Amino acid sequence: MATSLGSNTYNRQNWEDSDFPILCQTCLGENPYIRMTKEKFGKECKICARPFTVFRWCPGVRMRFKKTEVCQTCSKMKNVCQTCLLDLEYGLPIQVRDTGLSVKDEVPRSDVNKEYYTQNMEREIANSDGTRPVGQLGKAPSSGDMLLKLARTTPYYKRNRPHICSFWVKGECKRGEECPYRHEKPTDPDDPLADQNIKDRYYGINDPVADKLLKRASTMPRLDVPEDKSITTLYIGGLGENVTDSELRNHFYQFGEIRTITIVQRQQCAFIQFATRQAAETAAEKSFNKLIINGRRLNVKWGRSQAARGKEKDGVTESGIRLEPVPGLPGALPPPPVSDEDASTNYFNLAPTSSPAVMNLGLPPPPGVAMPPPPGFGPPMFHTMDPMSPSMPPPMAMRPPGQVHYPSQDPQRMGAHASRGGP
């Protein structure tokens, strides 16, 4: 009885032989000097089941080894990475990308139709310049608002971490720090993200990661247009140190005439004032959650008018939200006294029963004048019974409130003035 063989067995010209894989920045790793192993026809593609060249490498220190999972033809048909099957332009799952671009998947599922479709796509790829996707994806619009909001701007290298050690979960791992797997508590087994299928991810159906991102896109905040028509200024936050004035001007000048651009480098923000309100509204709509300059996603908000800034008093904003006080701050200072009668001479907050400590911080006497005697050797500091002796000023505790005694008014002090107005 004769055995049935696939068409790939008789025609090996359809087998893929490549020199370098098609990878995203995350799967390739952060090390620019990477070493790969190459195996011709090492495995069959998990989508079209044709043998292809398999590459294997380690993307970094303490990372797991990764390898290509699908052939380059299937990768070019969907414009995805050969390993993680995420879009090469946005870093999103295929289901999210197709939803944002309104692209319908047309890859057949049966073996014969899949082989015929793959051969036609290979012919189209060979006739193209290789800079743009082919098929329905090449006819789709260049970008979508939802994709720009959800797109990842920097590589996510945590995705290359090793898997969790099953022996450590059971308490039986004896390799310790030499174990190449992670010694961490596993996630919830009922979590839908733990159940992923590579074919469902490629065809864009039943992808739990895509469902999570689509739900996030439906709940993303929107930028409301202020009612004050005089506001034509946009606030741009998160500039960093590399974004310059010319880069901001090159992006926002397409929406209308710009009056001024002010960059506050200390707070890493900028204020862009347009000449017209219509230009400011267009710039806010086209740039909110979509503005990416030098690989940084910038925050775009409307500026505030001077009248709105004055409303943020007593811990209440203009929208009516009461702000919580910051803990640990000192309390408010007491109000100044209304009149001289209300003034208190207790400047050091001493108890009323305690006698105030008086410090003699006198200036040195002028030349030719004798030094005052030390305490205990001079005239007595108490009142005498002699009626002709000069009267001593009352002590601080016995003075009426509101009366302040100045050292220059002391008659016993040498050089004191008889009156404040005379010499």
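**Cavities, a four-strand sheet and a UniProt region**

Q: Which residues line the second largest cavity?
A: In this predicted model, the lining is Ile47, Cys48, Cys74, Met77, Val107, Lys114, Tyr117, Thr118, Tyr202 and Tyr203.

Q: Which elements give two or more residues to that lining?
A: They are H3, H5 and helix H9, which spans 198–203. H5 gives the most, with three residues.

Q: What volume does the second largest cavity have?
A: About 30 Å³.

Q: And how do its lining residues divide by class?
A: Eight are nonpolar, one is polar and one is charged.

Q: How many cavities of 30 Å³ or more turn up in the whole structure?
A: The search finds two.

Q: How much space lies in the largest cavity?
A: About 140 Å³.

Q: How many residues line the largest cavity, and which lie nearest its centre?
A: The lining has 16 residues. Met77, Lys78, Asp105, Gln136 and Leu137 lie nearest the centre.

Q: Which elements give two or more residues there?
A: Four helices do: H3 (72–78), H4 (94–101), H5 (111–127) and H6 (136–139).

Q: What classes are in the lining of the largest cavity?
A: Eight residues are nonpolar, two are polar and six are charged. For the second largest cavity, the charged count is one.

Q: Met77 came up for the largest cavity. Where else does Met77 appear?
A: Met77 also lines the second largest cavity. In the largest, Met77 is among the residues nearest the centre.

Q: Switching to the sheet. What is the strand order?
A: The order is E5-E6-E4-E9. It is an open sheet of four strands, with antiparallel pairing.

Q: Which strands stand at the edges?
A: E5 (258–264) and E9 (299–302) do. Each has a single partner strand, so one side of each is left without a neighbour in the sheet.

Q: What is the average twist?
A: From one strand to the next, the twist averages 20°.

Q: How many bridges join E4 to E6?
A: Five. E4 covers residues 233–237 and E6 covers residues 269–274, and the two run antiparallel.

Q: Which residue in E6 is the bridge partner of Tyr235?
A: Phe271 is the partner of Tyr235. Leu234, in turn, stands opposite Ile272 in E6.

Q: How many bridges link E4 and E9?
A: Four, again in the antiparallel sense. One pair is Gly237 with Asn299, the latter in E9.

Q: Which strands does helix H11 lie across?
A: H11, residues 245–252, lies across E4, E5 and E6. Its angle to E5 is about 140°.

Q: And H12, which strands does that helix lie across?
A: H12, residues 277–287, lies across E4, E6 and E9. It runs at about 145° to E9.

Q: Last topic. What does UniProt list for residues 159–186?
A: An unreviewed UniProt entry lists "zinc finger region: C3H1-type" there. UniProt also places the feature "domain: C3H1-type" at residues 159–186, again from an unreviewed entry.

Q: How much helix and strand is there over residues 159–186?
A: The chain is 18% helix and 0% strand over that stretch.

Q: How far apart are the end C-alpha atoms?
A: The end C-alpha atoms of residues 159–186 are 15 Å apart.

How values were computed
Residues are numbered from 1 along each chain as its sequence is written. This is a predicted model: local features need pLDDT of at least 70, side-chain atom pairs count only at pLDDT 80 or more; totals for chains, interfaces and linings use all residues. Side-chain values use heavy atoms; hydrogens and water are left out. On a 1 Å grid over the protein atoms alone, a cavity is a set of points where a 1.4 Å probe fits but cannot get out, and a pocket is an open set with protein on both sides within 12 Å along at least five of seven lines; lining residues have an atom within 4 Å of a point. Grid points are joined across faces, edges and corners, and a volume is the space filled by probe spheres set on the points. Ala, Val, Leu, Ile, Met, Phe, Trp, Tyr, Cys and Pro count as nonpolar, Asp, Glu, Lys and Arg as charged, and the others, Gly among them, as polar. Two strands pair if DSSP finds at least two bridges between them. Axes are lines fitted to C-alpha atoms, for helices over the stretch in contact, and angles run from 0 to 180 degrees between N-to-C directions. Contact means heavy atoms within 4.5 Å. UniProt positions are given in the numbering used here, feature names are shortened, and annotations may be inferred rather than shown by experiment.
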